[in-house]
Amino acid sequence: MPEVQRILDAILAISSDLELPDVLERIVQVACDQTDAQYGAVGVLGAASAEGEIQLGEFINEGIDADGVRKIGHYPKGLGILGHLIHDPRPLRLEDLSRHPQSVGFPDGHPTMRTFLGVPIRIRNEVFGNLYLTEKRGGRAFTASDETLTVALARAAGVAIENARLHERVQELAVLHDRERIARDLHDTVIQRIFATGLGLQGLARLIDDPAVADKIQAAVDDLDVTIREIRGVIFELQANDRGIHSVRVRVLALAAEVTPNLGFAPRVRFDGAVDTIVGADLAEHVLAVLRELLSNVIRHAHATSVDIRVRAGLDVTVTVEDNGATTIGEPSAGQGLANLRERAAGLGGSFSVQPGAPHGTVATWSVPRDTGPRRSRVSLR
């Protein structure tokens, strides 16, 4: 009866977590506690290589601290006895693992291990990985009872892992549902209200005799138009992420988010025209490369507090980056980057210019024809 209670307590402990990383850590901890093992690990199987060889894609360790892992240099990849368990997923109990014919020894810095107990973790008919236990305390060997308990834990672990995977999927679906709802609300409610407000302001402007006031109202209407375009960009990004689309818009927005920590603020992004329809895959790579170079230049030299990115697609495809920092024109370290941008534009039949901003800062503009292809006669090969 005490043995049954131990198994039940262990299974309940494993099943108490829903997040997969926590489940895996809990499996190892409980298995070590219940078998009195000094070291334990779960090795998660990775994808098969091109040669069909399966190795460990993840290794969750118990008993070796971070300093010990650094001394070893890397986690096991699934060779030797661990590889034997991968190819022959059945319980394996050894009094001295060094005597096993497939033992390959330990790397420098690895603690001494003699006794060993390994069992597969299955999810239905799929082998998820293996549970490894070594060095039963007191110099003892793992017993048949330890093996029975560990096999039961591995079965419970399979159920817990499957539940954790299901929980993750439910969370993903909830996020997708929220994105869809947010995009729908932005389109059906927020944009309509802003549009209605803009129409009301335009009607009001026609009733006002003071030109200065009318100009201010028109400026507010223009700002609302910009806001509507930005919200539509957000809606597109939400919907594109749901469908897994890597469009030009999404990639530009992702790049803007990537450089935000280095800038210290989020750049403003604006799209004009049917960017995703007009900019094909090849030209998109140029656009992203140009934008990355221009933003890197701002990060290195400008000390700006605001950056505006504009991608416009019409007869030409134009990328503009405007900052309010110190001018980068003439910076020696920026020279080669700017030269590369000019050469890239010229090679595609376009142009690149850098001008002072107003009242300060820099405006960089890179523009090429929409139906462009490489124009070898205009590319410098030096």
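**Entry 1: S306**

I looked up S306 in this predicted model and asked whether the residue is buried or exposed. S306 is buried, because its relative accessible area is 17% and the cut-off for buried is under 20%. I then located S306 in the loop between α9 (281-302) and β7 (307-313). For its surroundings I left aside neighbours within four places in sequence. What remains in contact with S306 is F265, R268, E322, D323 and N324.

**Entry 2: helix α7**

I checked the length of α7, residues 248-263. With 16 residues at 1.5 Å a residue, the helix should span 22 Å. I found its end C-alpha atoms 22 Å apart, so the expected span and the model agree.

Next I listed which residues of α7 are buried. They are V248, R249, V250, V252, L253, L255, A256, V259 and L263. I note for reading such a list that residues three or four places apart in an α-helix point the same way, because there are 3.6 residues a turn. Just after α7, G264 has a positive phi of about 90°.

**Entry 3: nonpolar cores**

I asked which residues touch the most other members of the largest nonpolar core. This core has 40 residues, and the ones in question are V252, V279, V307, I309, F352 and W366. Helix α9 supplies the largest share of this core, 10 residues. V252 is also one of the buried residues of α7.

I followed F352 further, not counting residues up to four places away in sequence. F352 touches L294, L338, L341, R342, A345, A364, T365 and W366. A second, separate core has 27 residues, including I27, A31, C32 and A160.

**Entry 4: strands β9 and β10**

I looked at how β9 (residues 351-356) and β10 (residues 362-369) pair. The pairing is antiparallel, over 6 bridges. I picked out P356 and found its bridge partner in β10 to be T362. The two strands, β9 and β10, form a hairpin with 5 residues between them. In the turn, G361 takes a positive phi of about 100°.

**Entry 5: largest pocket**

I asked how much space lies in the largest pocket. The value is about 640 Å³. I counted 30 residues in the lining of this pocket. F59, P76, L82, F106 and H110 lie nearest its centre. The elements giving two or more residues to the lining are β1 (37-45), β2 (56-62), α3 (66-72), α4 (80-87) and β5 (126-136).

Methods:
Residues are numbered from 1 along each chain as its sequence is written. This is a predicted model: local features need pLDDT of at least 70, side-chain atom pairs count only at pLDDT 80 or more; totals for chains, interfaces and linings use all residues. Side-chain values use heavy atoms; hydrogens and water are left out. Two strands pair if DSSP finds at least two bridges between them. Helices (H or I, at least four residues) and strands (E, at least two) are DSSP runs, numbered from the N terminus. The expected span of a helix is 1.5 Å times one less than its number of residues. Buried means under 20% relative accessible area, exposed over 50%, partly exposed in between (1.4 Å probe, protein chains only). Contact means heavy atoms within 4.5 Å. A nonpolar core is a set of buried Ala, Val, Leu, Ile, Met, Phe, Trp, Tyr and Cys residues joined through side-chain atoms within 4.5 Å. On a 1 Å grid over the protein atoms alone, a cavity is a set of points where a 1.4 Å probe fits but cannot get out, and a pocket is an open set with protein on both sides within 12 Å along at least five of seven lines; lining residues have an atom within 4 Å of a point. Grid points are joined across faces, edges and corners, and a volume is the space filled by probe spheres set on the points.
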